[in-house]
Amino acid sequence: MSSEITLIAGEGLPKPAGPYSPAAKVGNLVFVSGQVGVNPKTGFAPHGVAAQTEQVFRNIASILEASGSSLDKVVRCGVFVADMDEFGAMNEVYERMFNGHKPARSTIQPERLPGKGFLVEIDAIAVCD
């Protein structure tokens, strides 16, 4: 495995809110930074945890594609839900977006997510070809 780190960024990908890259690739693994439900074209997040979770997965999928991977190659996710009462709605979208694929996962309710109005944040680790 090569120890060279390739930072993944580019036009059309979600823009980080701070001094980090959307993803970093090392060898055949890609580490996707936590994504919130902001549409990179509009700069806005939809209302509701289900709609935000769907946008999160669109963001992750576009980053994985730019990295040479895809959602079906995700091995682990970290899920941060602003309100565990919304877990069911988030989980339904999560399950649908993975379409039967079941990567390892942790889910927590943080005290706060970065940015006003964000209801869910998800990071991912995936294998690349």
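Student: Are Phe57 and Tyr94 buried or exposed in this model?

Tutor: The model is a predicted one, and in it both Phe57 and Tyr94 are buried. For Phe57 the relative accessible area is 0%.

Student: How many aromatic pairs does the structure hold, and how should such a pair be read?

Tutor: Two quantities describe a pair of aromatic rings: the distance of the centres and the angle of the planes. The structure holds three aromatic pairs. In one of them, the ring centres of Phe57 and Tyr94 are 5.5 Å apart and the planes stand at 75°, so this pair is edge-to-face. Phe57 belongs to helix α1 and Tyr94 to helix α2, and the pair links distant parts of the chain, 37 residues apart.

Student: What geometry does the aromatic pair of Phe57 and Phe98 have?

Tutor: Phe57 and Phe98 form an edge-to-face pair, with 5.2 Å from centre to centre and 85° between the planes. Because Phe57 lies in helix α1 and Phe98 in helix α2, this pair ties together parts that are 41 residues apart in sequence. Phe98 is buried, with a relative accessible area of 5%. Taken together, ring pairs link Phe57, Tyr94 and Phe98 into a cluster.

Student: Which residue lies over the face of Tyr94?

Tutor: Arg105 does, at 4.3 Å from the centre of the Tyr94 ring.

Student: Which residues of α2 are buried, and how does one read a buried side on a helix?

Tutor: The general idea is periodicity: an α-helix has 3.6 residues a turn, so residues three or four places apart point the same way. In α2, the buried residues are Met90, Val93, Tyr94 and Phe98. They cover an arc of only 125° around the axis, which puts them on the same side of α2. The face turned away from this buried side carries the exposed residues Glu92 and Glu95.

Student: What do the buried residues of α2 pack against?

Tutor: Their partners are helix α1 (49–67) and the strands β4 (74–81), β5 (104–108) and β6 (120–127).

Student: How does the reach of α2 compare with the expected value?

Tutor: Helix α2 spans residues 87–98, which is 12 residues. From its first C-alpha to its last it reaches 16 Å, close to the 16 Å expected at 1.5 Å a residue.

Student: What backbone feature appears just after α2?

Tutor: Asn99 takes a positive phi there, of about 50°. This is a positive value in a residue other than glycine. Asn99 is placed in the loop between α2 and β5, and at 69% relative accessibility Asn99 counts as exposed.

Student: Which residues does Thr53 touch, leaving aside those up to four places away in sequence?

Tutor: Thr53 lies in helix α1 and counts as buried, at 0% relative accessibility. Residues up to four places away in sequence are not counted, and the contacts of Thr53 are then Met90, Val93, Tyr94, Val120 and Ile122. Three of these names, Met90, Val93 and Tyr94, are also among the buried residues of α2.

Student: Is Glu54 buried or exposed, and which residues does Glu54 touch?

Tutor: Glu54 is found in helix α1. The cut-off is needed here: buried means under 20% relative accessible area, so Glu54, at 19% relative accessibility, counts as buried. With residues up to four places away in sequence left out, Glu54 touches Val93, Arg96 and Met97.

Student: Where is Glu11 placed, and is Glu11 buried or exposed?

Tutor: Glu11 is in the loop between β1 (5–8) and β2 (23–26). Glu11 is exposed, with a relative accessible area of 78%. Between Glu11 and Ser21 there are two separations to read: 10 residues in sequence and 13 Å in space, C-alpha to C-alpha.

Student: How many disulfides does a search of the whole structure find, and why?

Tutor: The search finds zero disulfides. A disulfide requires two cysteine sulfur atoms within 2.5 Å. The sulfur of Cys77 is 14 Å from the closest cysteine sulfur, in Cys128, which is too far for a bond. Cys128 is likewise in no disulfide, with the sulfur of Cys77 as its nearest. As for accessibility, Cys77 is buried, with a relative accessible area of 1%, and Cys128 counts as buried at 5%.

Methods: Residues are numbered from 1 along each chain as its sequence is written. This is a predicted model: local features need pLDDT of at least 70, side-chain atom pairs count only at pLDDT 80 or more; totals for chains, interfaces and linings use all residues. Side-chain values use heavy atoms; hydrogens and water are left out. Buried means under 20% relative accessible area, exposed over 50%, partly exposed in between (1.4 Å probe, protein chains only). Helices (H or I, at least four residues) and strands (E, at least two) are DSSP runs, numbered from the N terminus. The expected span of a helix is 1.5 Å times one less than its number of residues. The arc is that of the directions from the helix axis to the C-beta atoms. Contact means heavy atoms within 4.5 Å. Rings of Phe, Tyr and Trp (its six-membered ring) pair if their centres lie within 6.5 Å; planes under 30 degrees apart count as stacked, over 60 as edge-to-face and the rest as tilted. A charge sits over a ring if NZ of Lys or CZ of Arg is within 6 Å of the ring centre and within 35 degrees of the ring normal.
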